[in-house]
Amino acid sequence: MFSSHRQGWLLVALAGTALCGCQLVPASQLNTVQAQNRSLSEQNHAQLAELDNLKAHNRQIEDKLIRAEEQLALSDQKLGSDNKKLANYQRERDQLRDQFTGFSHGTVRIPPGLSNQLIGLSKRHPGLQFDPQTGVAKLDSDVVFDSGNAELKPQAEHALADLADVLQSSEARDMRVMIVGHTDNQKIAGKEARQRYGDNWNLSTSRALTVAKYLGKSGIAEQRMGVAGYGGQQPIAPNNTAADRRRNRRVEIFIVPADTPIVGWTETSPSLY
């Protein structure tokens with residue numbers, strides 16, 4: 001009876017399967033499909049992770065691009081500033097060129113009253129020359145200093161004291177005074193002089209400084225004065241004869257208006273600073 005009952009259920013199951021059109025799948029095939037499904041799922045996760053990495057990398061590139069654009073903007077800004085400074089330097093250079101061109105063409109603006117005083121001063125002191133067209137006073141170094149020395153001779157002090165009086169007059173009160181020392185091309189003679197000054201650069205600068213200090217003691221404000229030394233590098237004669245070498249040994253005193261551009265003088269070249 002039990003066998004008949006089981007056979008009945010089997011017939012019912014077979015009949016149900018036949019009626020619903022279902023088919024039984026072998027276990028091996030099901031396992032294969034499930035393995036393929038897991039593999040596809042893993043590939044999908046890997047692709048999603050790779051996509052996230054690509055998005056993160058893209059954000060990094062965008063950040064770098066933004067920083068590069070910001071740096072480029074800063075560089076453009078700096079370039080503009082540098083171009084502005086360059087334009088200022090070129091303008092100052094042109095002013096300096098015009099200044100020295102003016103010297104050579106006699107266009108320095110020396111007040112007539114001051115020029116007349118300096119002409120009279122040069123007549124009283126043979127060691128002092130004055131060119132009214134350039135505004136340059138020249139001191140003969142052999143009259144002012146002993147050879148290889150930067151200490152003033154007594155007769156030179158009188159000339160400089162009178163010059164200081166002129167430079168403090170109402171016509172000269174606003175003028176600048178640039179003092180420049182020059183030598184010939186001969187080496188300094190004497191061991192003691194060489195030990196003290198070393199070479200013509202130092203000797204020429206020391207002489208210009210000595211003149212400036214004396215003018216300062218005589219009442220000329222230091223703010224009005226500048227000092228330079230050229231050694232034997234700026235001769236006005238060939239240095240072939242004793243007379244020519246004497247011409248090259250000189251201290252020049254440039255008397256110029258306060259607004260004349262002078263290299264290194266901040267008040268006269270404000271755009272450089």
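This briefing describes the fold of one protein chain, two of its helices and one loop residue. The structure is a predicted model. The chain contains eight helices and five strands, arranged along the sequence in the pattern α-α-α-β-β-α-α-β-α-α-β-α-β.

**The chain as a whole**

- Of the 273 residues in the protein chain, 33% are buried.
- Among contacts in the chain with a separation of 6 or more, 70% join residues that are 24 or more positions apart.
- The chain exposes about 18000 Å² of surface, and carbon and sulfur atoms supply 54% of this area.

**Helix α5**

- Helix α5 covers residues 154-167, which makes 14 residues. The distance from its first C-alpha to its last is 20 Å, close to the 20 Å expected at 1.5 Å a residue.
- Its buried residues are Ala156, Ala159, Leu160, Leu163, Ala164, Val166 and Leu167. Viewed down the axis of α5, these buried residues fall within an arc of 155°, so they line one face of the helix.
- An α-helix has 3.6 residues a turn, so residues three or four places apart point the same way.
- Pro154, His158 and Asp165 are exposed on the other side of α5.
- The partners against which the buried residues of α5 pack include three helices' worth of segments by name: α3 (112-124), α4 (141-144) and α7 (200-217). The strands β2 (136-140), β3 (176-182) and β5 (250-256) also pack against these buried residues.

**Helix α7**

- Helix α7, one of the elements packed against the buried residues of α5, has 18 residues. At 1.5 Å a residue, α7 should span 26 Å, and its end C-alpha atoms are 26 Å apart, which agrees.
- The residues buried in α7 are Asn200, Leu203, Ser204, Arg207, Ala208, Val211, Ala212, Tyr214 and Leu215.
- At the N-terminal end of α7, aspartate 199 acts as a cap. A side-chain oxygen of aspartate 199 lies 3.2 Å from the backbone nitrogen of tryptophan 201.
- Just after α7, glycine 219 adopts a positive phi of about 115°.

**Asparagine 239**

- Asparagine 239 is found in the loop that runs between β4 (225-229) and α8 (242-248).
- With a relative accessible area of 10%, asparagine 239 is buried, because the cut-off for a buried residue is under 20%.
- When neighbours within four places in sequence are left aside, asparagine 239 is in contact with Asp184, Asn185, Asp244, Arg245 and Asn248.

Technical notes. Residues numbered from 1 in each chain as written. Predicted model: local features only at pLDDT ≥ 70, side-chain atom pairs only at ≥ 80, totals over all residues. Heavy atoms only, no water. Helix = DSSP H or I, 4+ residues; strand = E, 2+ residues; numbered from the N terminus. Buried < 20%, exposed > 50% of the residue type's maximum accessible area, 1.4 Å probe, protein only. Contact = heavy atoms within 4.5 Å. Expected span 1.5 Å × (residues − 1). Arc of directions from axis to C-beta. Areas by Shrake-Rupley, 256 points an atom, 1.4 Å probe, with all protein chains shown as cover. Polar contact = N/O pair within 3.5 Å; in protein donor to acceptor, adjacent residues only side chain to side chain.
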